[in-house]
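Biologist: Please take me through the ligand site in detail. What surrounds the ligand there?

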Amino acid sequence: MSASGLWYGGDYNPEQWPEEVWAEDVKLMREAGVTMVTLGVFAWARLQPGPQEWDFGWLDVLLDQLHAHGVAVDLATATASPPAWLVRAHPELLPVTADGVRLEFGSRQHYCPSSPVYRAAAVRLARALAERYGRHPAVALWHVHNEYGDHVTECFCAESAAHFRRWLGTRYGTVEQLNSAWGTGFWSQHYRDWTEIEPPRTAPGPVNPTQVLDWRRFCSDALLECYRAEKVVLDELAPGTPVTTNFMSMFKALDYWAWAAEEDVVADDAYPDPADPTAQVGAALNYDLMRSLKGGAPWMLLEQAPSAVSWRAVNVPKRPGLQRLWSLQAVARGADAVLYFQWRASRAGAEKHHSALLPHRGTDSRGWRETVRFGAELRRLAPVVGGRSTAQVAIVLDWDSWWALELEDHPSARMRWSELLRPWYAALHRRNIAVDFLPPDGELGYYQAVLAPNLYLLRTATARRLTAYAAAGGHLVCGPFSGVVDEHDHIHLGGYPAPLREALGVVVDEWWPLPEGAEAEVVLEGGARVTATRWTEWLETEGAETVGRYGSGPLAGRPAVTRHGTAWYLSCDLGPQTGAVLDPILDRAGVTPVLAAPEGVEATLRRTPDGAEHLFLLNHTDEPVELALPEGWQRAADLLDPARTPDPALRLDPLGVAVLRR
Ligand code: GAL
């Protein structure tokens with residue numbers, strides 16, 4: 001898949017329109033500078049109108065037309081929504097909820113991931129498409145399914161139960177091993193035989209937590225098997241064409257480390273909310289994750305909204321300039337493609353109120369003018385294609401730990417991974433410090449600082465690596481409620497955070513969660529006072545030095561933040577004030593920002609294989625800003641503004657962007 005520039009385009013659903021419209025579509029795509037469309041995502045019923053009927057004629061025409069007009073195709077395997085005839089012939093493929101309700105046909109994504117009927121039909125469709133179009137010159141990318149886990153992440157039917165038992169058999173070998181891992185000595189849950197085991201359906205009270213944790217692992221794996229089954233066929237029949245499936249940013253149900261390893265290129269769908277004034281922080285976080293999933297390789301933004309979405313309670317449009325800014329933010333953070341949902345606004349169906357590149361009003365609309373203007377502008381950024389970024393800081397992200405953290409009956413239901421992570425990330429983002437995400441077994445040695453905002457579930461092997469990292473002088477910062485359980489969700493006995501106790505030089509006597517509205521003051525070294533919400537801990541030092549103490553409440557006077565050599569422990573949630581602890585640690589670690597810029601100005605750097613550096617500067621505020629450029633950048637050209645003359649200062653309009661190249 002090679003583009004001469006950044007890919008530009010979106011989901012194209014011609015099956016929703018009469019044929020007369022197609023020629024106009026292709027003509028307008030050219031006008032807008034569209035270079036790629038995602039075709040056929042929900043076209044199963046059209047492609048296969050009956051069990052033995054196929055209708056490829058329309059797709060033949062479209063692929064040829066698109067190709068003739070220089071538009072590459074990200075061809076979907078169309079397997080996310082089985083047609084009515086298949087569902088009626090095999091109602092058992094519909095998914096069942098934890099309460100035993102079978103979900104009906106009439107929306108989308110209505111299938112059980114373990115259903116052999118669904119799987120066979122999906123692979124058959126993928127095979128038919130790959131046989132026909134595997135070597136079609138228009139097809140630059142294969143798009144398996146769509147957003148695995150959207151709407152339905154799990155199915156509790158009998159077929160899934162049998163599949164779960166097989167999966168458990170592979171994991172544990174014997175029922176006794178399972179009994180020991182699940183701690184079934186508790187509440188009389190012992191199993192004598194595999195056949196007695198079921199998925200964690202709705203039960204009278206809390207369900208065995210290890211059973212639920214294994215269920216989460218199983219559900220991610222079951223969907224991954226579906227992806228893999230289609231990928232194998234595509235690799236066989238369309239060798240050389242990359243294969244992807246579109247992710248949903250920081251999505252709990254799927255372990256994207258495992259998934260990304262089986263994609264040829266990472267692709268994401270991102271829908272930051274224009275009504276949220278801090279949306280750009282969450283978006284940056286998601287984009288950094290996408291970049292990190294394949295070790296820094298460029299990724300593709302396959303979907304975003306040109307303006308409003310249709311699925312929030314209130315769908316605020318993007319004010320002029322915002323879609324440009326947010327698109328370029330994705331490019332700044334490693335995307336080599338800017339695609340949207342969708343090309344032409346639907347006339348009927350559940351998403352008819354969703355914005356599109358070509359709005360209902362047609363070409364005489366603000367939306368269309370932005371589509372054309374931005375398509376032209378994006379062409380100027382061709383030199384950044386393939387560019388990578390480097391980071392001095394890493395954040396450890398472990399889906400197992402995320403799943404375990406959010407199990408029921410914990411000291412506080414308010415400890416949610418995304419909410420714990422966000423302020424740590426925001427502290428880096430505010431200072432334009434580049435960051436990579438790392439899996440728990442990732443290579444730490446390269447980084448000047450490694451942050452673990454929360455590792456509730458901690459394998460001994462991971463703890464050993466973190467300990468070795470800090471012992472070798474790496475700056476390690478661990479957040480609260482970490483090192484609590486092992487991979488089976490069994491407590492690490494002897495004082496939390498047991499496997500990290502030596503590295504951190506602390507022991508926690510008891511968790512001290514704070515209810516909604518409660519706060520505890522924390523006084524940092526040097527006298528700064530910050531506020532903990534959500535969580536505090538009764539912490540004792542064992543060799544660590546106290547660098548912050550609780551200043552109020554039942555823990556007043558006790559350690560809150562500690563330092564042991566180059567290993568820090570933060571025992572509370574400081575929310576938006578987390579930077580008060582992190583900033584001095586990062587400074588001490590010698591971490592430098594990409595650029596010290598005024599508040600609200602984001603800066604990133606992408607280096608391309610030709611040796612050029614590209615400095616992205618994005619003004620997320622509604623005010624113009626002026627920034628002083630460092631020495632080496634003053635004469636750099638702005639790819640977006642060819643008229644820029646060398647100047648030590650750079651002015652950015654409200655929501656403005658510059659991409660300097662040197
Ligand atoms: C995505 C989905 C698209 C469309 C879009 C609307 O989640 O993949 O098909 O529904 O949302 O925002």
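**The ligand site**

Modeller: Start with tyrosine 271: a polar side-chain atom of this residue lies 3.4 Å from an oxygen atom of the ligand. That is a polar contact (a pair of N or O atoms within 3.5 Å). This is a predicted model, where local features need pLDDT of at least 70 and side-chain atom pairs count only at pLDDT 80 or more, while totals for chains, interfaces and linings use all residues. Residues are numbered from 1 along each chain as its sequence is written, and side-chain values use heavy atoms, with hydrogens and water left out.

Now tryptophan 311. One of its polar side-chain atoms sits 2.7 Å from a ligand oxygen. For glutamate 351, a polar side-chain atom is 2.4 Å from an oxygen of the ligand. Taken alone, the ligand exposes 310 Å² (Shrake-Rupley method, 1.4 Å probe). The protein buries 95% of that area.

Next, the whole shell, meaning residues with a heavy atom within 4 Å of the ligand. By class, the shell has four nonpolar, two polar and five charged residues. Phe42, Tyr271, Trp311 and Phe341 are the nonpolar ones (Ala, Val, Leu, Ile, Met, Phe, Trp, Tyr, Cys and Pro count as nonpolar). Tyr271 and Trp311 thus carry the nonpolar label, yet each places a polar side-chain atom by a ligand oxygen, at 3.4 Å for Tyr271 and 2.7 Å for Trp311. Arg108, Glu147, Asp269, Glu303 and Glu351 are charged (Asp, Glu, Lys and Arg). Asn146 and His354 fall among the others, which count as polar.

Methods:
A polar contact is a pair of N or O atoms within 3.5 Å; within protein, one must be able to donate a hydrogen and the other to accept it, and residues adjacent in sequence count only if both atoms are side-chain atoms.
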